[in-house]
Amino acid sequence: MAAALEAPFGSTYFSSKPKPHNTILHSKFVAFPSKTFIFALRDTHALCAANSNASPSPPQDPDPGTQSDPDPTRDRRRVVRVAWEKIVRWSRSWRSKATTDVLQRTNKVVVLGGGSFGTAMAAHVANRKAELEVNMLVRDPQVCFSINKSHYNCKYFPDHRLPENVVATTDAKSALLGADYCLHAVPVQFSASFLESVAEYIDPGLPFISLSKGLELNTLRMMDQIIPQALRNPRQPFVALSGPSFALELMDRLPTAMVVASKDKKLANTVQQLLASSHLRISTSSDVTGVEIAGALKNVLAIAAGMVEGMNLGNNSMAALVSQGCSEIRWLATKMGAKPTTITGLSGTGDIMLTCFVNLSRNRRVGVRLGSGEKLENILSSMNQVAEGVSTAGAVIALAQKYNVKMPVLTAVARIIDNELTPKKAVFELMSLPQVILTLLSEENYVGLILRLQI
């Protein structure tokens, strides 16, 4: 009885939910809704239960129709709404604190290269500020004339009009003179020779934002090494821009997210403010190695994914191959000092998914045609864009040997490109690799074991 008297109003006895109907208790509760009677009724109810050794039947609400049940859907929606409102408030708070004078202080941006991605980024930056001068240094006189005369890149974007403040030139001196930022969009294999030829016009303090992805074939260098060495300036400010981003969708202003990576945190934040817009989200990172190596290796993996598609091996094969390729990229990247979170993030897994699964990827298209039986030389001669994965494949394997990392999938791609293996034979050999049972192993032990496998 004492326990019943001490029961709180939030207990079972005073729940607002309908209970099994009890005619006597229900009628008394309606007739005498006073507080005194409620406690007396509870006393009586508990005493009857003790005498009968039966479970008590709780009193009923006065009228189940007048107090509706709590709506779980409404409660869930309220929780979601509150969570979203917190995110919005947090976002507004950060935006109000962010420095926005970078764009105001920028007068000229130069873009090295007139390819698809360089053109898309030139248009993006130009749209950020009408008074901004955006100079594209191109080597094709026809593309230069097309951009200046009709504001179209006739070779890559004949249907997309460029902003009026985008101008093109073949003169490196005029393009680089007075530039505040430089977007480097020259293919990796040609970057060193090109930069050496224009080094005399480049200011030692000019920040380079690299859009190029890949490894230099003979030296195994990435862009953060190529640029300062070609310019003979180890202090040349450098930022790597990477992430899942097709040039066509940037031109169409579709929502996109990318990463800028630099060892100089202040510079990374500055470039973030320069490039970020309502349709381009820019994150920052200090892991230059991770961002660059993921951007280079994903092109090789995309060729493998394309071959699976070209050979009609099915979705199971595609999922198995790409997940294995992701692991191989992570193994090598972490051995080189990259952070695992970078490889599983936007510039790693995000870029891999886009390049491996979408037909707009030129590396994937190369793989599809290889898997369909075409010769590599015929494929490359028919393309007007560079598929970096073709050149990078051999460099990746040399780099893997340097760091003692086994990469079965990416090695198979390199052998196919070197015409030492057919796609069909590669599939057979990969499927014949030893079955390795790994149970109850931590991530570190798992990676360590794989690296030591002699396969």
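Gln236 is buried, with a relative accessible area of 7%. The value comes from a predicted model. Gln236 counts as buried because 7% falls under the limit of 20% relative accessible area.

**The surroundings of Gln236**

Gln236 belongs to the loop that joins helix H10 (223–230) to strand S6 (238–242). Beyond its neighbours within four places in sequence, Gln236 is in contact with Ile202, Asp203, Pro204, Gly205, Leu206, Phe208 and Leu231. With two residues of this list, Asp203 and Pro204, the side chain of Gln236 pairs through their backbone oxygen atoms, as the table shows. The table also includes a polar contact of Glu328, a residue discussed below.

| Side chain | Partner | Distance |
|---|---|---|
| Gln236 | backbone oxygen of Asp203 | 3.1 Å |
| Gln236 | backbone oxygen of Pro204 | 3.4 Å |
| Glu328 | side chain of Gln324 | 2.9 Å |

**A buried charged residue**

Glu328 is part of helix H14 (residues 315–335). Which side chain of opposite charge is nearest to Glu328? It is Arg330, at a distance of 11 Å, and Glu328, although buried, has no salt bridge. The absence follows because a salt bridge requires the two charged groups to lie within 4 Å. The side chain of Glu328 does make a polar contact with the side chain of Gln324. Apart from its neighbours within four places in sequence, Glu328 is in contact with Met407, Pro408, Val409 and Leu410.

**The nonpolar cores**

Leu410 is also one of the residues with the most contacts inside the largest nonpolar core, which has 52 residues. Others in that group are Leu215, Ile293, Leu297, Leu301 and Val322. Among the elements that give two or more residues to this core are helix H13 (288–310), H14, helix H16 (346–357) and helix H20 (408–417). H13 provides the largest share, 12 residues.

Leu301 illustrates how residues come together here. Leaving aside its neighbours within four places in sequence, Leu301 is in contact with residues including Leu321, Val322, Ile352, Val409 and Leu410. A second, separate core consists of 40 residues, among them Phe157, Val166, Ala185 and Leu267.

**The protein as a whole**

The protein contains 22 helices and eight strands. Of its 455 residues, 46% are buried. Among contacts with a separation of 6 or more, 73% join residues 24 or more positions apart. The accessible surface is about 24100 Å², and carbon and sulfur atoms account for 54% of it.

Definitions and conventions. Residues are numbered from 1 along each chain as its sequence is written. This is a predicted model: local features need pLDDT of at least 70, side-chain atom pairs count only at pLDDT 80 or more; totals for chains, interfaces and linings use all residues. Side-chain values use heavy atoms; hydrogens and water are left out. Helices (H or I, at least four residues) and strands (E, at least two) are DSSP runs, numbered from the N terminus. Buried means under 20% relative accessible area, exposed over 50%, partly exposed in between (1.4 Å probe, protein chains only). Contact means heavy atoms within 4.5 Å. Accessible areas come from the Shrake-Rupley method with a 1.4 Å probe; for residues, only the protein chains shown count as cover. Lys and Arg count as positive and Asp and Glu as negative; His and the chain ends are not counted. A polar contact is a pair of N or O atoms within 3.5 Å; within protein, one must be able to donate a hydrogen and the other to accept it, and residues adjacent in sequence count only if both atoms are side-chain atoms. A nonpolar core is a set of buried Ala, Val, Leu, Ile, Met, Phe, Trp, Tyr and Cys residues joined through side-chain atoms within 4.5 Å.
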